[in-house]
Amino acid sequence: MYSEKVMDHFTNPRNVGEIENASGVGTVGNAKCGDIMRIYFDIDENQVIRDVKFKTFGCGAAVATSSMATELVKGKTIYEALEVTNKAVMEALDGLPPVKVHCSLLAEEAIHAALWDYCQNNDITIEGLKKPKSDIGEEEVEEEY
């Protein structure tokens, strides 16, 4: 069963859309379930995320976690955004069913991917930021073979 917050962010998602000439764009997916999430950042000269948008193809939990993730990073510095974890997204949504936890991992990885793109575009480094995976299921797939 989904929490009221999950249902609210699914039926009334915040920050949907694209940002033209975005400072950073991150796209991640999960090949197993088919969810694809893209996050766009508009980052100002003080490295603050002044605007954020998302487009997600996936289930209700994927839409809800995308929406909540954008709310959690909006107005934050790039360093604060790096600290937003999948657990923080889940807690902000009052939890997710165990089979939907991967959606919160997608949201965290999409944030990291957009930050990575921003760093690549501006030739900067954020300590602790690793090159993102395009498929959050990569390790699970490798373990199966």
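Biologist: How many bridges join strand 2 to strand 3?

Modeller: Let's look at residues 36-43, which make up strand 2 in this predicted model. This strand and strand 3 run antiparallel. Counting along the pair, the number of bridges that join strand 2 to strand 3 is 8.

Biologist: Nice! Which residue is the bridge partner of I39 in strand 3?

Modeller: Strand 3 covers residues 49-57, and that is where to search. Follow the bridge from I39 across to strand 3, and you arrive at F54.

Biologist: Which helix packs on the sheet by touching strand 2 and strand 3?

Modeller: Look for residues 60-73, which touch both of these strands. The direction of this helix makes about 175° with that of strand 3. The element you want is helix 2.

Biologist: And what angle does helix 5 make with strand 1?

Modeller: Helix 5 spans residues 101-122 and also packs on the sheet. Its contacts there are with strand 1 and strand 2. Comparing its direction with that of strand 1 gives about 145°.

Biologist: Let's turn to the other pairing. Which residue of strand 2 is the bridge partner of G26?

Modeller: Strand 1 and strand 2 pair in the antiparallel sense, over 6 bridges. We have already met the partner of G26, since the residue that bridges to F54 in strand 3 also bridges to G26. That residue is I39.

Biologist: In what order do the strands of the open sheet lie?

Modeller: The sheet has 3 strands, with antiparallel pairing. Strand 1 (24-29) and strand 3 are its edges, each pairing on one side only. Reading across the sheet, the order is 1-2-3.

Biologist: Which residue takes a positive phi in the hairpin of strand 1 and strand 2?

Modeller: This hairpin has 6 residues between its strands. For comparison, the hairpin of strand 2 and strand 3 has 5 residues between the strands, and there Q47 takes a positive phi near 65°. In the hairpin of strand 1 and strand 2, the phi is near 90°, and the residue is G34.

Biologist: Last one, at the surface: why can Y2 count as partly exposed?

Modeller: Y2 lies in the segment before helix 1 (4-11), and together with M7 and F10 makes a nonpolar surface patch of about 250 Å². Partly exposed is the class between under 20% and over 50% relative accessible area. Y2 falls in that class because its relative accessible area is 31%.

Conventions: Residues numbered from 1 in each chain as written. Predicted model: local features only at pLDDT ≥ 70, side-chain atom pairs only at ≥ 80, totals over all residues. Heavy atoms only, no water. Pairing = 2+ DSSP bridges. Helix = DSSP H or I, 4+ residues; strand = E, 2+ residues; numbered from the N terminus. Contact = heavy atoms within 4.5 Å. Axes fitted to C-alpha atoms, helices over the stretch in contact; angles between N-to-C directions. Patch = residues over 30% accessible without salt bridge, like charges linked within 9 Å, V, L, I, M, F, W, Y side chains within 5 Å. Areas by Shrake-Rupley, 256 points an atom, 1.4 Å probe, with all protein chains shown as cover. Salt bridge = Lys/Arg side-chain N within 4 Å of Asp/Glu carboxyl O. Buried < 20%, exposed > 50% of the residue type's maximum accessible area, 1.4 Å probe, protein only.
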